[in-house]
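Me: I have a model open and would like to understand the words people use for helix packing. Could you take me through it?

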Amino acid sequence: GGAVGTLTAPSRQDWERRQEEDTLLIERILLLVRNVLHVPPDPIEEQGVDGDATVHDRVLWALHISGMDDLLKFLASAQTEQQWALHVLEIISLMFRDQSPEDLAALGQGQAGAEHGEDTRELQSLRQRELAEKRTRALQRPHRHSRFGGSYVLQGLKAIGDRDVVFHKGLHNLKSYSHDLGKEPRRVPRRRQA
């Protein structure tokens, strides 16, 4: 906790107002963290139960509890702190030295991958159910057909200009065909009605 506080105070200052001692202090703390993480594991000294945290894991946990990992992320991403980029990169590579890339990738996707697979299966089942409901609705509703019943030429009946009559209704209405079909009936006043 003390090193993090000591490192946080100068890192909050703008680099123009930072004293040379502050810059040296930041560099020394980063080198200290790097050297602590650089210590190689001793399997004889660290004999423990399977699944027990190693010394390296406990150091990483202490760094996390103290907030040093957040400070390292800040130093790595801040535009004004680019001078520490190589130190931070070295520290991060030492943090992950015992891990293989495959293990890290699988660790990130373990629970998330299972949840993603479950979500995908649930979405597929919902989609299948929706398609089945749509099919049953389509089968239940009566099919609409257009009002257009076709056009037919009535040969033998002449229209205006010596052309055959074109009939636009369905064939079942042909029996009631007259030349006045579709015309408005002429209104006769009541006085003149018979």
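**How the helices pack**

Reply: Happy to! In this predicted model, helices H4 and H5 cross in a left-handed way. On the H4 side the contact is made by Leu72, Leu75 and Ala76, and on the H5 side by Val88, Ile91 and Met95. By class, that contact has six nonpolar, no polar and no charged residues.

Me: What makes H4 oblique to H5?

Reply: Look at the angle: H4 and H5 pack at about 135°, with axes 10 Å apart. Roughly perpendicular covers 65 to 115 degrees and roughly antiparallel needs over 145. An angle of about 135° fits neither range, so H4 counts as oblique to H5.

Me: And why are H2 and H5 called roughly parallel?

Reply: Helix H2 (residues 20-38) and helix H5 (residues 85-95) pack at about 20°, their axes being 9 Å apart. The word applies to angles under 35 degrees, and H2 and H5 are therefore roughly parallel. Their contact includes Leu30, Leu31 and Arg34 of H2 and Glu90, Ile91 and Leu94 of H5. It has seven nonpolar, two polar and three charged residues.

Me: Which residues of H4 are buried, and how do you know that they are on the same side?

Reply: In H4 (residues 68-77), the buried residues are Met68, Asp69, Leu71, Leu72 and Leu75. They span an arc of only 160° around the axis, so they lie on the same side of H4. The face turned away from that buried side carries Lys73 and Ser77, which are exposed.

Key. Residues are numbered from 1 along each chain as its sequence is written. This is a predicted model: local features need pLDDT of at least 70, side-chain atom pairs count only at pLDDT 80 or more; totals for chains, interfaces and linings use all residues. Side-chain values use heavy atoms; hydrogens and water are left out. Axes are lines fitted to C-alpha atoms, for helices over the stretch in contact, and angles run from 0 to 180 degrees between N-to-C directions. Helices (H or I, at least four residues) and strands (E, at least two) are DSSP runs, numbered from the N terminus. Contact means heavy atoms within 4.5 Å. Ala, Val, Leu, Ile, Met, Phe, Trp, Tyr, Cys and Pro count as nonpolar, Asp, Glu, Lys and Arg as charged, and the others, Gly among them, as polar. Buried means under 20% relative accessible area, exposed over 50%, partly exposed in between (1.4 Å probe, protein chains only). The arc is that of the directions from the helix axis to the C-beta atoms. A crossing is left-handed if the near helix is turned anticlockwise from the far one by less than a right angle, and right-handed if clockwise.
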